[in-house]
Every structure is written in C-alpha cells, then in structure tokens.
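Biologist: Could you take a close look at one helix for me, and then walk me outward from there? Keep it casual, but spell out your cut-offs.

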Amino acid sequence: MTDPDARSAAFAEYVEPELEVLLRVAQSLTGSWSDAEDLVQDTLIRAFAGIGSFDGAYPRAWLLTIMRRANINAHRRQRPGTIDPFAGLENRTPAFGSAVADNPEDMVLEQVIDEALAQAVGALDPRFRAVIVLVDIEQLSYQETADVLGIPIGTVMSRLSRARSRVRKSLEHHRATRRQS
Amino acid sequence: MIHALRTMIECRWSARRIQRYIDADPAAPLTADELQRLTAHLDVCERCTARERETRGVKASLARLSERRAPDPVRVARLRLQAQRISQGER
C-alpha cells in the first residue's frame with residue numbers, strides 16, 4: 001500500500017476506532033494518563049509507518065503489539081529496570097462516569113468492594129496483576145493480552161487463573177474481617 | 001466410596017475448565033463434549049457451582065472498576081486529532 005490516500009483511509013479505518021482502548025491499556029502499562037497519552041502517540045506514529053504492510057486482520061492485536069514495543073523502548077530510554085507496570089490501581093481516580101449505582105447505599109457498598117478489590121489486585125505479584133488488569137478490567141481477549149505482554153496464551157490463562165484465585169481469597173478474607181469487626 | 005472418588009475426579013476436571021467456560025474466549029473454546037460434561041457437573045456439584053459464582057463475581061466487579069475509570073474524553077479527542085494529523089501529514 002503506497003498510495004497516501006489509501007494509507008490514510010486504512011489508518012482511519014483500523015486505528016481510530018481503537019484509540020480509547022489503546023489509551024486505557026497504556027494507562028495500565030504506565031500508571032499515568034499523561035504518560036499513557038505519550039505512549040499512544042508514539043504507537044500511532046509507529047502504526048502509521050507500518051500500515052502499508054498490515055493485512056487488516058485483528059487491528060487491535062496489531063496495535064497492542066506495537067504499543068508493547070514502544071513501551072519497552074520508552075522504558076529503555078527513561079527508567080530502565082524501575083517500572084512495575086499495573087501498579088497503583090487503588091490510586092486511580094474514577095473521574096468520569098463514576099456514578100454507577102443508583103442510590104447512596106449501593107454507592108457506598110460499591111466503593112467498599114472496589115477499594116477491597118483494588119487492594120487485592122494491587123497486592124498481586126506484578127506478573128499476575130498485569131494479566132488480571134488487562135483481561136478483567138481492560139476487557140482484552142487472551143490473544144490481545146498475550147500481545148501486550150509478549151507471552152503465550154497458555155501463560156495468560158494460567159496466570160489469570162492464579163490471579164483470580166488470589167483475589168477471590170483476598171476478598172473472602174476481607175469479608176470475614178468485616179464481619180468480625 | 002466410588003461415588004465420592006468419581007465426584008472428586010469430576011471436580012478436578014471441571015476446575016481446570018471453569019475459567020474457559022466463564023470467559024468464553026475465542027482463543028480457548030470448550031468443545032461441545034467438554035461443555036456438556038462441565039454443565040452437567042455444575043448442575044449437581046455445589047462446591048464447583050460456588051467457585052463458578054465467585055469467579056463470575058470477581059470478574060463482574062473488576063469490569064465495574066473499568067466502567068468507573070473511563071479516560072477523560074478530552075484526551076481521547078486530542079489523540080483523535082493527533083491520529084488525523086499523522087495520517088494527513090504525508091499528503
């Protein structure tokens with residue numbers, strides 16, 4: 001694909017619908033919305049450079065693979081060896097669309113559960129946390145998660161299973177502690 | 001004794017498939033036979049049904065966390081503009 005109009009059309013068709021997903025995943029990878037925006041911009045530039053050889057199948061998976069490489073390069077440039085991706089889940093501010101429950105009691109209950117959940121996920125080993133954040137919070141498929149993390153699908157599944165099991169046990173413990181107090 | 005052993009085997013077999021059953025991910029589908037065997041076991045096993053319910057609960061609560069932290073629309077709009085600039089830059 002060498003025609004500039006065709007490249008622009010392909011970019012609009014495959015890339016633009018994925019911007020929000022890319023931003024969310026980038027936020028999970030970097031821990032900040034501002035760094036996430038930079039990472040998505042870098043991903044967009046790389047994606048446009050490679051759009052000519054993209055076959056149009058699974059654009060999200062293709063973009064997430066590009067993002068993973070861009071993120072690795074960014075870490076090499078900035079803070080080598082110091083990144084703990086997906087950390088700080090409990091500090092994320094639900095600024096937009098935060099009112100999910102209809103009444104104040106449900107809102108309080110949801111907030112308590114959310115805080116316990118965020119703590120449970122935050123306490124996981126980073127390898128397990130990354131997978132549960134991408135699959136259960138960012139709603140990526142196994143394949144997309146494998147692409148972002150650069151690991152096989154079987155590893156995604158086994159880590160997800162262990163992560164959920166640990167979160168489940170942690171919530172059970174949290175409930176038991178609340179009942180006692 | 002034989003019944004208890006058979007149930008234990010079914011529980012272990014099911015435990016390895018409940019995640020795939022819940023997620024229904026295209027990369028790891030259950031076969032029709034697996035699906036039939038698993039649902040038949042869930043119909044009669046309280047422990048595995050409880051495990052399924054709890055896992056679905058965790059999954060649903062985490063999905064709700066996602067709903068509550070949608071990105072700022074201004075950032076998305078800025079990226080959309082950036083994407084358009086990148087793609088039109090070479091024309």
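Which exposed residues sit on the face of α4(B) turned away from its buried side?

Modeller: Sure, with a bit of bookkeeping up front. This is a predicted model, where local features need pLDDT of at least 70 and side-chain atom pairs count only at pLDDT 80 or more, while totals for chains, interfaces and linings use all residues. Residues are numbered from 1 along each chain as its sequence is written, and chains are lettered from A and ligands numbered from 1 in the order in which they are written.

On to your helix: the face pointing away from the buried side of α4(B) carries E46(B), A50(B), R53(B), R56(B) and A60(B), which are exposed. Exposed means 12 or fewer other C-beta atoms within 10 Å of a residue's own, buried means 20 or more, and partly exposed is in between, with C-beta atoms placed from the backbone. The buried set in α4(B) is C48(B), T55(B), V58(B), L62(B) and L65(B). Those buried residues lie on the same side of α4(B) because they cover an arc of only 105 degrees around the axis; the arc is that of the directions from the helix axis to the C-beta atoms.

As for its dimensions, α4(B) covers residues 46–67, 22 in number, and reaches 31 Å from first C-alpha to last, close to the 32 Å expected at 1.5 Å a residue. That expected span is 1.5 Å times one less than the number of residues. Helices here are DSSP runs (H or I, at least four residues) and strands likewise (E, at least two), numbered from the N terminus.

Zooming out, chain B has 5 helices and 0 strands, in the order α-α-α-α-α along the sequence. Its radius of gyration is 22 Å, well over the 12 Å that the globule rule gives for 91 residues, so chain B is more spread out than a compact globule. For the record, that radius is taken over C-alpha atoms, and the rule is 2.2 Å times the number of residues to the power 0.38. The C-alpha atoms of chain B fill a box of roughly 75 × 30 × 15 Å along the principal axes, and 13% of the 91 residues count as buried.

Now the partner. Where the chains touch, chain A puts in 44 residues and chain B 32, a contact being two residues whose backbone-placed C-beta atoms lie within 7 Å. Several helices of chain A each supply at least two residues to that side, among them α1 (4–14), α3 (33–50) and α5 (104–122). The largest share, 8 residues, comes from α8(A). By class, chain A's side splits into 25 nonpolar, 9 polar and 10 charged. Nonpolar covers Ala, Val, Leu, Ile, Met, Phe, Trp, Tyr, Cys and Pro, charged covers Asp, Glu, Lys and Arg, and the others, Gly among them, are polar.

That α8(A) has 28 residues and reaches 41 Å from its first C-alpha to its last, close to the expected 40 Å. Buried residues in α8(A) include V156(A), L160(A) and V167(A).

Chain A itself is divided into domain 1 (4–77) and domain 2 (100–180), bounds that come from an automatic or database domain assignment. Their centres are 25 Å apart over C-alpha atoms, and their contact takes 9 residues from domain 1 and 8 from domain 2. On the domain 1 side, α2 and α4 (59–77) of chain A give two or more residues each, with α4(A) giving the most, 6 residues.
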